[in-house]
Amino acid sequence: MDSENVMVPENPMDRDCVLNSTKDYHVNSLTSLGWELTVCNALYPDETPLRKLLKVNQSYGNLLYDYLSRFVPFKEMRRVIEIGGGYGFLMKDFLTRDKSLNVCMLDISPFLLQKQRETLGGLHVSFRQEDFLETDPTSIAVFDLAIMNENLGDFPTLTRIRYDAMQSGMETDNPSLKKAIHFFERYRPDLPDREIFNLNIGAIEALEKICESMIPYIFLGEHSCEARSPEVLRTIIHVDPTGNPERIRLKGHDEYTIKFSYLEKVALAHGYKAMRGPFADFVTFNLTGKILSILKNPSVYGDEGEIICHFIEDLYKYEYLFLSRN
């Protein structure tokens with residue numbers, strides 16, 4: 001048969017799937033994180049009442065530093081890169097604990113990079129404004145630790161992918177779809193058990209870049225679509241997994257929750273060991289009688305009850321993935 005006359009079937013994903021990108025928003029429109037209260041930002045002020053819930057009254061950065069110190073030889077390390085550093089609060093805590101660290105803050109947002117300069121002024125820090133997906137991987141190979149905290153959902157997510165089309169072998173000219181097909185072919189993860197699903201293609205690509213640079217230690221943290229509250233607390237802390245990256249509507253842009261099992265697949269394929277869990281592993285709180293009462297009946301306590309419930313649920317909705325090459 002003449003190959004020129006063979007009709008290539010249209011890939012049905014081309015009709016429906018959309019790449020959600022926050023790049024334009026972060027480069028041109030972002031002027032505040034006030035409506036995106038991350039766990040890190042919520043715990044940063046000394047006077048925040050949320051600190052009173054914790055077993056150790058410390059900021060998020062200090063709690064994370066203490067936790068990672070169990071696995072990371074900070075005293076033997078020198079170079080750290082934080083990709084998407086928010087207001088710089090996490091790294092300020094790290095540098096307060098270890099002034100010998102040589103830190104690079106890499107961010108796509110000029111606004112946030114300026115905030116980081118203000119927060120980290122006078123410390124041993126360099127700053128780079130760039131899209132990490134366009135970063136030369138050889139330029140990050142010098143680092144000992146890479147951190148991406150509460151920002152993976154900002155990376156592009158490919159939405160409304162058709163299950164049947166992913167298995168059909170149909171061709172596509174869509175570069176994002178090609179990356180999705182490559183991901184499933186290379187890493188062989190289980191396909192989602194749904195007809196239409198979303199894929200954190202940007203987060204996968206970012207992690208591939210870090211892994212291929214062979215950075216010894218990697219910490220990732222973000223709102224997860226696979227998180228679940230522990231069984232003993234399931235009746236009062238309602239965190240149930242959907243298994244599919246969920247849309248989060250925010251001012252001027254949408255983000256998506258993260259499917260951490262797929263990121264774990266990528267890391268394991270690149271020779272990393274993985275440790276995964278909820279933020280509650282290192283942001284530990286006292287489950288007092290009052291807190292139990294608030295979790296059972298938050299409306300009785302008004303705004304305070306709603307804030308506390310939201311915060312404690314976030315400690316289980318957010319997962320981390322710690323990766324090491326040793």
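Between which two elements does the loop that holds M214 lie? I began with this residue and found M214 in the loop between α9 (201-212) and β8 (217-223). I noted that the model is a predicted one. M214 is not a glycine, yet I read a positive phi of about 60° for it.

**Entry: the chain as a whole**

I counted 12 helices and 12 strands in the chain. I then looked up the radius of gyration, which is 21 Å; this agrees with the value near 20 Å expected of a compact globule with 326 residues. The C-alpha trace, taken along its principal axes, spans about 75 × 45 × 40 Å.

I next looked up burial and found that 52% of the 326 residues count as buried. The accessible surface comes to about 15,300 Å², and carbon and sulfur atoms hold 49% of it.

I also looked at contacts in the chain with a separation of 6 or more, and 73% of these join residues 24 or more positions apart. For the charges, I recorded 36 positive and 48 negative side chains. The centres of these two sets lie 5 Å apart.

**Entry: N149 and E150**

I turned to a pair of adjacent residues. N149 has its place in strand β5, whereas E150 is found in the loop between β5 (145-149) and β6 (157-162).

Is E150 buried or exposed? I found E150 buried, because its relative accessible area is 9%, under the 20% limit. N149 likewise counts as buried, at 8% relative accessibility. For E150 I noted a phi near 55°, which is a positive value in a residue other than glycine.

The side chains of the two residues meet: I recorded a polar contact between that of N149 and that of E150 at 3.1 Å. I then listed what N149 touches beyond its neighbours within four places in sequence. The contacts of N149 are C40, Y60, G84, L90, F219, G221 and F279. Of interest here is F219, one of these contacts, since I had already met the strand β8 (217-223) when placing M214.

**Entry: H270**

I placed H270 in the loop between α10 (260-269) and β11 (273-278). Its relative accessible area is 14%, so I entered H270 as buried.

Which backbone oxygen does the side chain of H270 reach? I found that it is the one of V266, at 2.9 Å. Leaving out residues up to four places away in sequence, I saw H270 touch R186, Y187, E208, C211, E212 and R325.

**Entry: A180**

A180 lies in helix α8 (residues 175-187). I read 0% relative accessibility for A180, which therefore counts as buried. Its contacts, apart from neighbours within four places in sequence, are L158, M166, L199 and I201.

I also looked up a separation in space. A180 and R234 are 54 residues apart along the chain, and their C-alpha atoms are separated by 34 Å.

**Entry: I237**

I found I237 in the loop between β8 and β9 (247-250). Although its place is in a loop, I237 is buried, with a relative accessible area of 0%.

Which residues does I237 touch, not counting those up to four places away in sequence? I listed S229, F285, L295, I312, E313 and Y316. From I237 to T284 I noted a gap of 47 residues in sequence and 15 Å in space, C-alpha to C-alpha.

**Entry: L112**

My last look was at L112, whose place is in helix α6 (residues 110-119). I entered L112 as buried because its relative accessibility is 5%.

L112 touches L30, L33, G86, Y87 and D107, with residues up to four places away in sequence not counted. I then looked up L112 against M148, and these two are 36 residues apart in sequence. Their C-alpha atoms lie 14 Å apart in space.

Note on methods: Residues numbered from 1 in each chain as written. Predicted model: local features only at pLDDT ≥ 70, side-chain atom pairs only at ≥ 80, totals over all residues. Heavy atoms only, no water. Helix = DSSP H or I, 4+ residues; strand = E, 2+ residues; numbered from the N terminus. Rg over C-alpha atoms; globule rule 2.2 N^0.38 Å. Buried < 20%, exposed > 50% of the residue type's maximum accessible area, 1.4 Å probe, protein only. Contact = heavy atoms within 4.5 Å. Areas by Shrake-Rupley, 256 points an atom, 1.4 Å probe, with all protein chains shown as cover. Lys, Arg positive; Asp, Glu negative; His and termini not counted. Charge placed at Lys NZ, Arg CZ, Asp CG, Glu CD. Polar contact = N/O pair within 3.5 Å; in protein donor to acceptor, adjacent residues only side chain to side chain.
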